[in-house]
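Open the model in a viewer and keep the sequence panel visible. The stops below go from the whole chain to helix pairs, then to single residues.

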Amino acid sequence: MKRLLPLLPSSSGESPALSPEDKYVPIRLDSVQNNTELDFDLYLENSKNGRKRLYRSRDLVFQDKHRERLLENNVSVLFISRDDVDKYYAYVESHLGTLVSNPDVVPKEKASILYETSIHRIHQILEDPERPENIDRSLVLVDHTIYFLINEERALESLLETMSFDYSTYTHSMNVCALSVLLAQRHGIDDQETLKVLGIGGLLHDVGKSKINPDVLFKKGPLNNDEWKLIKEHPAIGYDLLKAHELIPKRSLSPVRHHHERSDGSGYPDGLPEESIDILASIVRVSDIFDAITTNRCYKKAAPAFEALNIMKDEMKSKRDKEIFQDFIMLLGPKRSKEMLLSH
Ligand SMILES: [Fe+2]
Ligand SMILES: [Fe+2]
């Protein structure tokens, strides 16, 4: 099943997938937990004419018998009113712990719900990065994502199937968060606290883009010098936005500020030499480059994974970069990646 709940329209210039006329939006049955009270109405779709009818009113407890009956009737998708989208996500966020540890839900479904919920939260963050509640909630999301990545055997496959390869800052943020955590594990970092610090940094690494003029950020043609200068400010802007936030671990700010630094000191914003770049920033950098190359952008089509790896190979010059890159190839699958690299 594809990504269900589309993004809300945004003022950032990124295209919304949900048209304002859609009065109802689909949700997954698995995102509704047994014995919980919902504060949104549930609707069912008439398969013949597509009309929605009220199935359960808000404030009623959803129970196993309801799920069973729906499944008996082959219903795995329900609908909610568009007006209830924020309430729905608040509900899903507060029950993510139950979802990710539920053995009856298949990994692909967990990955999809995590992904959709994270994207909604990132959307809120980028709309209003100064609002502490948005950041607080994103930290909880990272916790659940890491639990899923660590405990689910098919986490990577499920996520790769779920990830959107149409670029938006929202999907990109979540892709980079998940890829960075998996890459760090490959690289031998398995301390959960460090993975969490990294996941937060990965999720928020481009938060500074919320303050960049969308006309420049989404420009289709080549950028002039002044526009490049503006774009290059996003890591420092992101750092400034987040540094005063009490709950963000200080080390999570390294990937935010330094994910565009390069080992030879030619990166931005600080032009740091490799020994001064936190390894967590280097890990986010590799995931960031990969995701940027392999997703469709307004000005270019996505490159296939093998081409991305070839482009990256030229970027990864220092010993540290090469080691991380090697682990990235292993992460994607040594056999597949090797074939990709050798054949080109
Ligand atoms: Fe960036
Ligand atoms: Fe990025």
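Start with the whole chain: among contacts in the protein between residues at least 6 apart in sequence, 69% join residues at least 24 apart. This is a predicted model. Colour by secondary structure to find 16 helices and six strands. Of the 344 residues, 38% count as buried.

**Stop 1: helix α4**

Select residues 107-127, helix α4. Is its length what a helix of 21 residues should give? At 1.5 Å a residue the expected span is 30 Å, and the end C-alpha atoms of α4 are 30 Å apart, which agrees. Of the 21 residues of α4, 19 are buried, so the helix is largely enclosed by the rest of the structure.

**Stop 2: α4 against α5**

Add residues 132-151, helix α5. The axes of α4 and α5 are 10 Å apart and the packing angle is about 160°. Angles over 145 degrees count as roughly antiparallel, and α4 and α5 are therefore roughly antiparallel to each other. Their crossing is left-handed. To see the contact, show side chains for K110, L114, T117, S118, R121, Q124 and I125 on α4, and for N134, I135, R137, S138, L141, H144, T145 and F148 on α5. These residues divide into five nonpolar, seven polar and three charged.

**Stop 3: α5 against α7**

Keep α5 and select residues 169-186, helix α7. Here the angle is about 45° and the axes are 11 Å apart. That makes α5 oblique to α7. The crossing of α5 and α7 is right-handed. On the α5 side, pick V142, T145, I146 and L149; they meet C177, A178, V181 and L182 of α7. By class, this contact has seven nonpolar residues, one polar and no charged.

**Stop 4: D288**

Move to helix α13, residues 279-294, and centre on D288. Buried or exposed? D288 counts as buried, because it has 23 C-beta neighbours inside 10 Å and the cut-off is 20 or more. Beyond its neighbours within four places in sequence, D288 is in contact with V176, H205 and H259. Draw a distance from D288 to S173: the C-alpha atoms are 8.7 Å apart, across 115 residues of sequence.

**Stop 5: Y239**

Go next to Y239 in helix α11, residues 234-242. Y239 is partly exposed, with 18 other C-beta atoms within 10 Å. Leaving aside neighbours within four places in sequence, its contacts are L253, V256 and R257. H205, a contact of D288, can be selected again here: the C-alpha atoms of Y239 and H205 are separated by 8.6 Å, and the two residues are 34 apart along the chain.

**Stop 6: backbone exceptions**

Most residues other than glycine have a negative phi, and most peptide bonds are trans. Three places to check against that follow.

- Y268 and P269 are joined by a cis peptide bond, with omega about 5°. P269 lies in the loop between α12 (253-258) and α13.
- D59 is not a glycine, yet has a positive phi of about 70°. Look for D59 in the loop between β4 (52-56) and β5 (61-62). D59 is exposed, with 10 other C-beta atoms within 10 Å.
- N74, also not a glycine, has a positive phi of about 60°. The loop here runs between α1 (64-72) and β6 (77-81). N74 is exposed, with 7 other C-beta atoms within 10 Å.

Terms used: Residues are numbered from 1 along each chain as its sequence is written. Chains are lettered from A and ligands numbered from 1 in the order in which they are written. This is a predicted model: local features need pLDDT of at least 70, side-chain atom pairs count only at pLDDT 80 or more; totals for chains, interfaces and linings use all residues. Helices (H or I, at least four residues) and strands (E, at least two) are DSSP runs, numbered from the N terminus. A residue is buried if 20 or more other C-beta atoms lie within 10 Å of its own, exposed if 12 or fewer, and partly exposed in between; C-beta atoms are placed from the backbone. Two residues are in contact if their C-beta atoms, placed from the backbone, lie within 7 Å. Axes are lines fitted to C-alpha atoms, for helices over the stretch in contact, and angles run from 0 to 180 degrees between N-to-C directions. Angles under 35 degrees count as roughly parallel, over 145 as roughly antiparallel, 65 to 115 as roughly perpendicular and the rest as oblique. A crossing is left-handed if the near helix is turned anticlockwise from the far one by less than a right angle, and right-handed if clockwise. Ala, Val, Leu, Ile, Met, Phe, Trp, Tyr, Cys and Pro count as nonpolar, Asp, Glu, Lys and Arg as charged, and the others, Gly among them, as polar. The expected span of a helix is 1.5 Å times one less than its number of residues.
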